[in-house]
Amino acid sequence: MEKPEQLSSSSSSKKESLSICLPQKLEFLDIGCGYGGLLIELSPLFPRSLMLGIEIRQKVSDYVVERIRALRIQNPGQFNNINCIRSNAMKYLPNFFRKSQLSKIFFLFPDPHFKKQKHKWQW
Ligand SMILES: C[S@@+](CC[C@H](N)C(=O)[O-])C[C@H]1O[C@@H](n2cnc3c(N)ncnc32)[C@H](O)[C@@H]1O
């Protein structure tokens, strides 16, 4: 996977489509966001900042996405600045962001599950 800064002029259409999709840069990252509590608390406090949670467990990240979707429906116009993806932050983090893009990175109660019986969670 290409890093954002590796998008050369030869891939300018790719670059263009990225900037069309992302008019505003992601600023806050919550690594291992669990059930999304921090994102949901921060969202109304920093309504102009885009925030992303990265969660390795598929069911947990699906839950967070659904939770945010429900909050958007219940509170029109709010919670549009947060989202969550399922990914292993230890493997793929450098692929997602440009240098100096993020202003805050949260690592709250990290739990990397190094135990062998937890390895299935790494993917
Ligand atoms: C103890 S929980 C803390 C959740 C949340 N940050 C909080 O403070 O309530 C740690 C979370 O990190 C996730 N996690 C562990 N390793 C990860 C990795 N490499 N990439 C993304 N998430 C990870 C776990 O699935 C778990 O949901």
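Start with the whole protein in cartoon view: you should find 4 helices and 4 strands. Trace the chain from its beginning and the pattern reads α-β-α-β-α-β-α-β. Keep in mind that this is a predicted model. Its mean pLDDT is 83, with 72% of the residues at 70 or more. Now select residues 7-20, where the pLDDT is below 50. Apart from near neighbours in sequence, this stretch makes 3 contacts in the model.

Before zooming in, take two numbers for the whole protein. Of its 123 residues, 15% count as buried. And if you look at contacts with a separation of 6 or more, 65% of them join residues 24 or more positions apart.

**Stop 1: the core**

Select Phe28, Leu29, Cys33, Leu39, Met51, Leu52, Val64, Ile68, Phe79, Ile82 and Cys84, and show their side chains. You're looking at the largest nonpolar core, 11 residues in total. Colour strand 1 (26-31), strand 2 (50-55), helix 3 and strand 3, since these are the elements that give two or more residues to this core. As a rule, in soluble globular proteins, nonpolar side chains tend to be buried together.

Stay with Cys84 for a moment. Which residues does Cys84 touch, once its neighbours within four places in sequence are left aside? Go through them in order: Cys33, Gly36, Leu52, Gly53, Glu55, Ser61, Val64, Val65 and Ile68.

**Stop 2: two distances from Cys84**

Keep Cys84 selected and add Glu66, which sits in helix 3. Is Glu66 buried or exposed? Glu66 is exposed, because it has 12 other C-beta atoms within 10 Å. Draw a line between the C-alpha atoms of Glu66 and Cys84: they are separated by 9.7 Å, with the two residues 18 apart along the chain.

Next, swap Glu66 for Gly34, in the loop between strand 1 and helix 2 (37-45). Gly34 and Cys84 are 50 residues apart in sequence, and their C-alpha atoms are 9.8 Å apart in space. Gly34 counts as partly exposed because 19 other C-beta atoms lie within 10 Å. Beyond its neighbours within four places in sequence, Gly34 is in contact with Glu55 and Val60.

**Stop 3: around the ligand**

Gly34 leads us to the next stop. Show the ligand, then look at the 19 residues around it. Which of them come nearest? Pick out Gly32, Gly34, Ile56, Ala89 and Leu108. The elements giving two or more residues to this shell are strand 2 and helix 4. Try colouring the shell by residue type: you'll get 11 nonpolar, 5 polar and 3 charged.

**Stop 4: two unusual backbone angles**

Finish with the loops. Most residues other than glycine have a negative phi, and most peptide bonds are trans. Now select Phe79, in the loop between helix 3 (58-74) and strand 3 (82-86). Its phi is near 60°, a positive value in a residue other than glycine. You have already met Phe79 as one of the core residues. Phe79 counts as buried because it has 21 C-beta neighbours inside 10 Å.

Then jump to Ser100, in the loop between helix 4 (89-96) and strand 4 (104-107). What is the phi of Ser100? The angle is near 65°, again a positive value in a residue other than glycine. Ser100 is exposed, because it has 7 other C-beta atoms within 10 Å.

Notes
Residues are numbered from 1 along each chain as its sequence is written. This is a predicted model: local features need pLDDT of at least 70, side-chain atom pairs count only at pLDDT 80 or more; totals for chains, interfaces and linings use all residues. pLDDT is the predictor's confidence in each residue, from 0 to 100. Two residues are in contact if their C-beta atoms, placed from the backbone, lie within 7 Å. A residue is buried if 20 or more other C-beta atoms lie within 10 Å of its own, exposed if 12 or fewer, and partly exposed in between; C-beta atoms are placed from the backbone. A nonpolar core is a set of buried Ala, Val, Leu, Ile, Met, Phe, Trp, Tyr and Cys residues joined through C-beta atoms within 7 Å. A residue is near a molecule or strand if its C-beta atom, placed from the backbone, lies within 6 Å of it. Ala, Val, Leu, Ile, Met, Phe, Trp, Tyr, Cys and Pro count as nonpolar, Asp, Glu, Lys and Arg as charged, and the others, Gly among them, as polar.
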